[in-house]
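Dear colleague,

I am passing on the structure we talked about, and below it I have set down what was found in it. Please keep it open beside you while you read.

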Amino acid sequence: MKLPVSNTNAPVWRDITVKSQLPAALKSLEKLSRNLWWVWNSEAKNLFRDLDHDIWRATGENPVMLLQQLPSERLDEIMSDKEMMARIDHVWKMFQDYMAQPMRNDIPSVSYFSMEYGLCNCLKIYSGGLGVLAGDYIKEASDSRVNMTAIGFLYRYGYFTQTLSVDGQQIANYEPQNFNQLPIEQVTEENGHPMILEVPYHDRIIYSHIWRVNVGRMSLYLLDTDFDMNSEFDRPITHKLYGGDWENRIKQEYLLGIGGILALKKLGIHSEIYHANEGHAALLNLQRLADYVQEKGLDFNTALELVRSSALYTVHTPVPAGHDYFDEGLAHKYLQQYPALLGISWQELMDMGRENPGSNDRFSMSVFALNTCQEANGVSWLHGEVSKKMFAGVWKGYSWEESHVGYVTNGVHMPTWAASEWKAFYSEKLGEQVFDHQSDPKAWENIFKVKDEEIWAMRTQLKNKFINFVRRDFKEKWLANQGDPSAVIKILEKINPNALIIGFARRFATYKRAHLLFTDLDRLARIVNNEQFPVQFVFSGKAHPADGAGQGLIKRIMEVSHMPQFQGKIIFLEDYNMIVAKRLVTGVDIWLNTPTRPLEASGTSGEKAEMNGVLNFSVLDGWWYEGYKLDEKAGWALTEKRTFTDQAQQDKLDAATIYSMLENEIIPLYFAKNSKGYSPEWIQYIKRSIGHIAPQYTMQRMIEDYISRFYSPEAKRFAALSADNDKLAKEIAAWKQKVASAWDGIKVLDVHTKEDIHQHNTTGQPFTTVIKIDTNGLADDLGLELVIDKMENNTEKRWIKIPFQVIAKEGNIVTYEVTDKLRDPGVFRYSFRLYPTNPNLPHRQDFAYVRWI
Ligand SMILES: *Cc1c(COP(=O)(O)O)cnc(C)c1O
C-alpha cells in the first residue's frame, strides 16, 4: 500500500487577546474610552491622540483599542508625565461634570429607531448621511439634555471600506468587527451572563444580544444576532448594512421595529414618543399595537389612536423608488401571526401598508408608517413639499398642499463637526454662549468684529492641516493601489495650499452628478492650469456595491485625474468616512454640490462646511434652498429653474453655469488678494456665512424644532387621550366607528346655486349655494366647504376653501349655505367637500373620509 506522504489536520487555534493591564491611576481613561463623549470634546479626543499618535491613527481613532495596545513602557512614561496626568485628571472632571447635569423635565421622553448611526469612525454602523444625522442627533439629545433612548444594530461587517484599483474600479471590503475592541458594552443579566432577547418570528425565536453605546448621557442599544444560538440562516440578519436580499431586509426591519420594542420592554424603558427615522423602523408600531391589544385588552381601533398619537415618522427619501416595498407573500410569511394578535384580518393589516387599500399593491413600509404615526415630516422645507406630493395618494380626498406632512430641516452637531481650532476660536471671540444658543444669530454677531487676518489665519491653518493629512494618509494607499510611485510623489507635491481648493464628497449616487464637472474637459483644464489663479479639486465618496452607474462615476473621475493635464489638480481620496469628511469640510475653500433637483432631501455635509468658514457652491436643493436665501452674499447657487426636461441637456447647462461662475465670480473673488495675502471680500463672504447661515443648521436648532413641532404637541395629545383609562382614545375610536358605519348612507338631497354664475361671471359677483343633506345620524359630525381651484398651469396655488354654515337642522336633515363672490379673473373650477369633523382630531388626514358633491 502506498503510504500518504503526509497526515495532518488543520491547526486548532485558540484565540487569546492580551490586553494591556491599565494601572489604577489610568482607570479613568478606560471609563472615558467607553463613552463617546470624547468624540465631540476636543480636549478628550486630543488626550487620547496624544497617548500615542501612531496607534491612535492605526486603530482608526478607537480609544478602546488604543488602551488595549499601549505598550507598558508607554504607560510608565505617561504616569511619570505630570502634565499628561493633569490633563487626564482635567478631562475626567469635565466628563463627570457633564454627566452630572440633570435631564430637562419639560420635554417628553423619546425612543428613536434607526438602521444606522454615524457616531465615530471606529464604530462601523453607518453608511452615509442618514446615519451621520442619527448619530449627531443622539449626541445633541445628550447635550440638550433630552431624555432619549436609541435603538439600532451592531453590524458584524457594517458598511464596506473602499479601495480603488489602478484603473479606478471600486473594491468593497467587508471587514468583520471585533466587538471586544469597540467602545461598546454588552448588556448582561444580573448574574453577568449576556442578556438574551427573544424575538418571536413566525415559526421560530430569533435571539439577539444587546449592546449599549454610551453617547454622553444617552444610551444607544444595538441588537446583534450573530452568535451561536441562531441558525446560519438568521445570524446574518445583523451582518451588513443594506446588504442581502429582500428576505434579509424584512428580517432586519422586523428585528429593528419589533425586536426594538421588545428590547425596550426587557430593559424596562418607557417613552412618551416613538420616532422612526426613515420607514425601515415602522414595524415598531405593529408591536406597540399588539401590546396595547394583548396586554391592556384594548380593541384595535383604540390601540391605534394611542399608538398614532405618540408616533412620528421622518421620511428621508424624495422618490417612491427609494422606499421599501415587500411582496404580499414575503410580508405574509413574516407578519402572518399579527392579525390574530391585533384582532383584525390579514387583508386589513396588509391594507395598512397600501396606498390603495384593497388593491394588489405591495406592502409599503412608508405607507404603514403614515398610517400608524399621527405626524410625519420631511427633512428640509423643499423636501417637505416633495413629500406631500409623494404621499398625496394616501389621502385621496385632499390635495397635496393640504397634507399634514411637515418638515424639520436637518442640521449637524456643531461640537462634532466644527474643527477644534474653530471651537476654541468661537469660545474666545464669541463667548461660550454661542454653544448654548447656537441658533440665535445674536450669539454669532461678533464674528463681524473679528479681524480679517485672524479669519484668514484660521483658514490657512486648517487648509495646511488638510494637505498634511492627504500627504500622510494617502501616500501609502496611493503607492499601494495606483502604481507608478514617481507619479504619486508628483501628485503629492502638486497639492498647493495657495490654490483655491474645491471639495466634493458624498455618496456616489448618480443623482448627485459627480460627473458634471467633467462635461467640458478643455474648459476645466484651462481653469485648473491657470498659473496665476490655481484651482484644485478633491473628490471622495463610495458607491453602493450594487450601483454600477455610481461606480462608473468613480472610475471616470479616476481616469480624468490620471490625464496629464489634471494630474495633481483633481484628486480622489479613497474610503470616504467620518475622518476624511471632517478633514475635507474643515480644510477646503469651497464645498461643491450638484444634485439633480429635488433629489437631495436635505444634505448635511455643506452644513458642516458652514461652521468651518468653508463656502458653499451648490444647486438650490435640500437645505441650501433655504440656507442660500438667508444671505446671498455668503455662498453661490446654481439656479433653481429647471430649463430642460431632458436631463442630459440640463446637465450640460448646469456644467456651463458652474464653469462660468467659477471663472467670472468665484476665482476672481478668491484671488483678489491684498498686500497681506488674502482677499478681504472673500473673508466677508466667510463672515457672513458663519454669522448668517451656520446658526440655522446646527443640531441644536433641529432638535428644538422636533420638540416644538412634534414631540411636545404629540405628547400633550397622547396624555389627553390616555388619561382616565384611555377615555378619550376610546371615545374617538367609537366616534370614528360611528362615522364609518353611517358614511355610505349619507344622501345629498339638494344642491342649489342661487345665481347663475355662468351668466353673471364678472369679478365681484356674489353667489350663494345651499345644500341639503340627509346626514344619516351624523347631523353634528360633518363639515362642508366650498373648494375653489384656480386652474393655472404650473402654479402651485393653493385651493381656496370657504366653510358652509348650517342654516337649518331637522332631525337628520341639515341645510348648509355658503356665499362667496367671484374673486380674480381667470379660469376656475369649484366643488363641495363633505368631511367628518371632530375637535379632538389632530388634522383632517387623521380621518380622511371625504365626499365630493
Ligand atoms: C456628513 C456625511 C455624509 C452626508 O453628506 P451629504 O452632504 O448629506 O451627502 C455622508 N458621509 C459622511 C461620512 C459624512 O460625514
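**Salt bridges and one buried glutamine**

R701 and D705 are joined by a salt bridge in which the closest N and O atoms lie 2.9 Å apart. Please bear in mind, for this and for everything that follows, that the model is a predicted one. The two residues both belong to helix α29, which covers residues 699-743, and because they stand four residues apart there, about one helical turn separates them. R701 has a relative accessible area of 8% and D705 one of 15%, so each of them falls under the 20% limit and counts as buried.

In general, side chains that carry opposite charges can pair when their charged atoms come close.

A second pair has a similar arrangement to follow in the sequence. In helix α8, made up of residues 246-267, R249 and E253 are four residues apart, which means that about one helical turn lies between them. Their side chains meet in a salt bridge with an N to O distance of 3.6 Å, and both R249 and E253 are buried.

For the next pair, it helps to look at each partner separately. The side chains of D226 and R235 form a salt bridge, with 2.9 Å from N to O. D226 is buried, because its relative accessible area of 11% is under 20%, whereas R235 has a relative accessible area of 22% and is therefore partly exposed.

How many salt bridges does the structure hold? The count is 52, and the pairs described above are among them. Salt bridges also link E402, E785, K801, R833 and R844 into a network, which you may like to trace on the model residue by residue.

Finally, I would like to draw your attention to Q287, whose place is in helix α9, the helix formed by residues 284-296. Is Q287 buried or exposed? With a relative accessibility of 8%, Q287 counts as buried, because this value is under 20%. The side chain of Q287 makes a polar contact with the side chain of Y338, at 2.5 Å. If residues up to four places away in sequence are left aside, Q287 touches I258, I261 and L262 as well as Y338.

When you go through the model yourself, you could begin with R701 and D705 in helix α29, and then turn to Q287 and its polar contact with Y338.

With best wishes

Notes:
Residues numbered from 1 in each chain as written. Predicted model: local features only at pLDDT ≥ 70, side-chain atom pairs only at ≥ 80, totals over all residues. Heavy atoms only, no water. Buried < 20%, exposed > 50% of the residue type's maximum accessible area, 1.4 Å probe, protein only. Polar contact = N/O pair within 3.5 Å; in protein donor to acceptor, adjacent residues only side chain to side chain. Contact = heavy atoms within 4.5 Å. Salt bridge = Lys/Arg side-chain N within 4 Å of Asp/Glu carboxyl O.
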